[in-house]
Amino acid sequence: MTNPARVRRSWAEPYKIKTVELLHMTTREEREAALLEAGYNTFLLRSREVYIDLLTDSGTSAMSDRQWAALMLGDEAYSGSENFYNLVESVQEHYGYKYLVPTHQGRGAENLMSQILIRPGDFIPGNMYFTTTRLHQELSGGQFVDVIVDEAHVPGSTFPFKGNVDLRKLEQLVSDVGADHIPYISLEGNVNMAGGQPFSMQNLHDLHAFCRKHDILIMLDATRTVENAWFIQQREEGWGDKSVKQILLEICNLTDGCTMSAKKDSLVNIGGFFACNSEEIYLKAQNLVVVYEGLHTYGGLAGRDMEAMAQGIRESVEEAHQAARIGQVYYLGEMLESAGVPIVKPIGAHAIFIDARAFLPHLDQDQYPAQALAAEIYKEAGIRAMERGNVSAGRDPETGENRHPKLELVRLTLPRRVYTQAHMDVVAETILDVFERRTEIRGLEMIYEPEYLRFFQARFQPIEG
Ligand code: F0G
């Protein structure tokens, strides 16, 4: 198990601040008007209406001076940019895969992989869904099947590896549909929707043996896998003396390829990639990327973006970086936990997830408690969080009903290297103020629902009475 003291003691940031971005303060009246205008959806707020922005850790990192310097090395050639080759080298050194296709962000890579590997009628098991990942599987004619351990669906469970695959569930799927209809398992590092929860190396070893036996590929969602590696180092017997860099390589070594949203772990504002070891799959991805993203040596990115990514990857595996990054998340989480706010445990790496059902037990799940709570937190002090519950889960394509996920969460997501400990104090004080008056909070009804990924653009209004 994690030793929180170990996490906390040494988390001071391994950098100092060279440039600052001024923040906007708003009045309560302005925030109420902004919320109305945004249809009670924090995605639809303008960023200038936000004081502390904890919407996402995606593309919101502060880049280092070296990354900014890397931008100046941009080789903006349409083909064969030097930056592409530097990125290939950085990915090979840290992730270990042979072949790389850059994409504009994670979902671009998901699109390529889903189209290449999934045939209509296939099943794609995964350690919990992610919104864009599942949608691309469905658009390719596949069906996602959740094979994560049960503990992942229980916010209060303190199981240290809630990102683990339940091999019995996977075995059941294989015997129900046959391994021929399972092209790959989608394995996510530090599972986002479960609260930023890691899988263990032991579990991955077991999964690897199972998948080799049944000839099923393991495709990693590497988006937050450096953070997963850090948890393995902290929590798993036998890995405490290995570096994050070594652990990351070992994880990748046990998988067949990955999709990556470099906007998280890799500390860039835009970028992603698809990587794999099979030449056959690579050639298909290299060809398909031309249709959707751009030539295979830039995949929708400027040369300078690829150079910043190559450098960001190198910085992401630094122990001091991860200790400070995850230490800050723990700092916020422990403040909330000790005040009795219900949060997902153990605390994850990229965010604190408030259990909105336990926070607002008087609301039915179809009154969108997490959406309502995110709106209240914004109204209280201009802090922007995100719903990860009934709205994000969307509707079952067969029945058309809301999916009613077990987890109904509000995510306070921490951008990397952006906010200070004092900001975390303000966030905690705000949540506690909202917690005090929680019985007054009303539910919401959805008044506009887009067809795809509805959480981004849906609009709501408070339920009267
Ligand atoms: N996989 C995971 C686990 C993610 O968290 C995300 C994005 C993606 C894939 C897609 O990557 O945005 O670069 O296209 N997550 C963001 C978030 C949006 O806020 O959690 P993308």
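Which atom of the ligand is 2.9 Å from an N or O atom in the side chain of arginine 224? An oxygen atom of the ligand is at that distance from the arginine 224 side chain.

## Basis of the model

The model is predicted; local features need pLDDT of at least 70, side-chain atom pairs count only at pLDDT 80 or more, and totals for chains, interfaces and linings use all residues. Residues are numbered from 1 along each chain as its sequence is written, and side-chain values use heavy atoms, with hydrogens and water left out.

## Ligand site

Besides arginine 224, threonine 56 has a polar side-chain atom 2.7 Å from an oxygen atom of the ligand, and arginine 107 likewise places a polar side-chain atom 2.7 Å from a ligand oxygen. A polar contact is a pair of N or O atoms within 3.5 Å; within protein, one must be able to donate a hydrogen and the other to accept it, and residues adjacent in sequence count only if both atoms are side-chain atoms. On its own the ligand has 470 Å² of accessible area, and the protein covers 96% of it (Shrake-Rupley method, 1.4 Å probe; for residues, only the protein chains shown count as cover).

The ligand is surrounded by 18 residues, of which Thr56, Arg107, Asp221, Ser261 and Lys264 come nearest (near: a heavy atom within 4 Å). This shell comprises 2 nonpolar, 8 polar and 8 charged residues; Ala, Val, Leu, Ile, Met, Phe, Trp, Tyr, Cys and Pro count as nonpolar, Asp, Glu, Lys and Arg as charged, and the others, Gly among them, as polar. Helix α5 (residues 106–117) supplies the largest share of the shell, 3 residues. Helices (H or I, at least four residues) and strands (E, at least two) are DSSP runs, numbered from the N terminus.

## Domain arrangement

The chain is divided into domain 1 (11–57 + 319–462) and domain 2 (65–316), with bounds from an automatic or database domain assignment. Their C-alpha centres lie 25 Å apart. Contact (heavy atoms within 4.5 Å) involves 35 residues of domain 1 and 44 residues of domain 2. The ligand lies between the two domains, because both give residues to the shell around it.

## Strand β3 to helix α6

Glycine 126 lies in strand β3 (residues 123–126) and, at 0% relative accessibility, counts as buried. Buried means under 20% relative accessible area, exposed over 50%, and partly exposed in between (1.4 Å probe, protein chains only). Leaving aside neighbours within four places in sequence, glycine 126 is in contact with Phe144, Val145, Asp146, Val147, Ile148, Ile185 and Ser186.

Methionine 128 follows in the loop between β3 and α6 and is buried at 6% relative accessibility. Its phi is near 80°, a positive value in a residue other than glycine. Helix α6 (residues 131–139) is largely enclosed by the rest of the structure, because 7 of its 9 residues are buried. Just after α6, glycine 141 has a positive phi of about 90°.

## Loop residues elsewhere

Aspartate 166 is in the loop between β4 (143–146) and α7 (167–177), where it counts as buried at 9% relative accessibility. Outside its neighbours within four places in sequence, aspartate 166 is in contact with Val147, Ile148 and Val149.

Most residues other than glycine have a negative phi, and most peptide bonds are trans. Histidine 404, in the loop between α16 (390–393) and β12 (409–413), has a positive phi near 50° and is partly exposed at 37% relative accessibility. Lysine 345 and proline 346 are joined by a cis peptide bond with omega about -15°; proline 346 is in the loop between α13 (319–338) and β9 (351–355).
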